[in-house]
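Got your viewer open? Here is a short walk through the model, one selection at a time.

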Amino acid sequence: MAVKNGAIPLTVEGIRRALQEGKSEEARRRYIESLREEVERYERRYRMRSASVRQALRNKKIRETLGVVEWVDAYETLLSLSNGKQARLERSRRLPSRSPARAR
């Protein structure tokens, strides 16, 4: 995994690394900073504040692309972590599990 200037990339691997190193306050700070940089890149690219993205999607001012979804995710993660919440990986309840369904 490529790391530039100690920043942890916003990828599943980056998130896992951040969680493994999460016991360190310095690692948490670096991860939050990498999220902040990612969010700022999207804001420059789309010339829009992150707080306005959801409304722009509802009003169809921007299309829901993979980049926009990643932007929203990075922004919401940044807000959560900046407010003191802990990072964690979860399996979405909407996605089917890989285990076969149990017959009743």
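Helices here are DSSP runs of H or I with at least four residues, strands are runs of E with at least two, and both are numbered from the N terminus. Residues are numbered from 1 along each chain as its sequence is written. Keep in mind that this is a predicted model, where local features need pLDDT of at least 70 and side-chain atom pairs count only at pLDDT 80 or more, while totals for chains, interfaces and linings use all residues; side-chain values use heavy atoms, with hydrogens and water left out.

Start with a cartoon of the whole chain. You'll see four helices and zero strands, in the order α-α-α-α along the sequence. Of the 104 residues, 25% count as buried (under 20% relative accessible area; exposed is over 50%, partly exposed in between, with a 1.4 Å probe and protein chains only).

Next, select residues 66–82, which is helix 4. Put a distance between its end C-alpha atoms: they are 24 Å apart, which agrees with the 24 Å that 17 residues should span at 1.5 Å a residue (the expected span is 1.5 Å times one less than the number of residues). Now show side chains for G67, V68, W71, V72, A74, L78 and L81, the buried residues of this helix. What covers them? Helix 2 (25–46) and helix 3 (53–58) are included in that cover, with contact meaning heavy atoms within 4.5 Å. Just past the helix, click G84, whose phi is positive, near 90 degrees.

Now for the largest nonpolar core (buried Ala, Val, Leu, Ile, Met, Phe, Trp, Tyr and Cys residues joined through side-chain atoms within 4.5 Å). Select L35, M48, V53, I62 and W71: among its 15 residues, these touch the most other members. Helix 2, helix 3 and helix 4 each supply at least two residues of this core, and helix 4 gives the largest share, six residues. In soluble globular proteins, nonpolar side chains tend to be buried together.

Last stop: two loops. Most residues other than glycine have a negative phi. Go to R47, in the loop between helix 2 and helix 3, where phi is positive, near 50 degrees. Is R47 buried or exposed? R47 counts as exposed because its relative accessibility is 79%. Then jump to K60, in the loop between helix 3 and helix 4. K60 is not a glycine either, yet has a positive phi of about 60 degrees, and at 74% relative accessibility K60 counts as exposed.
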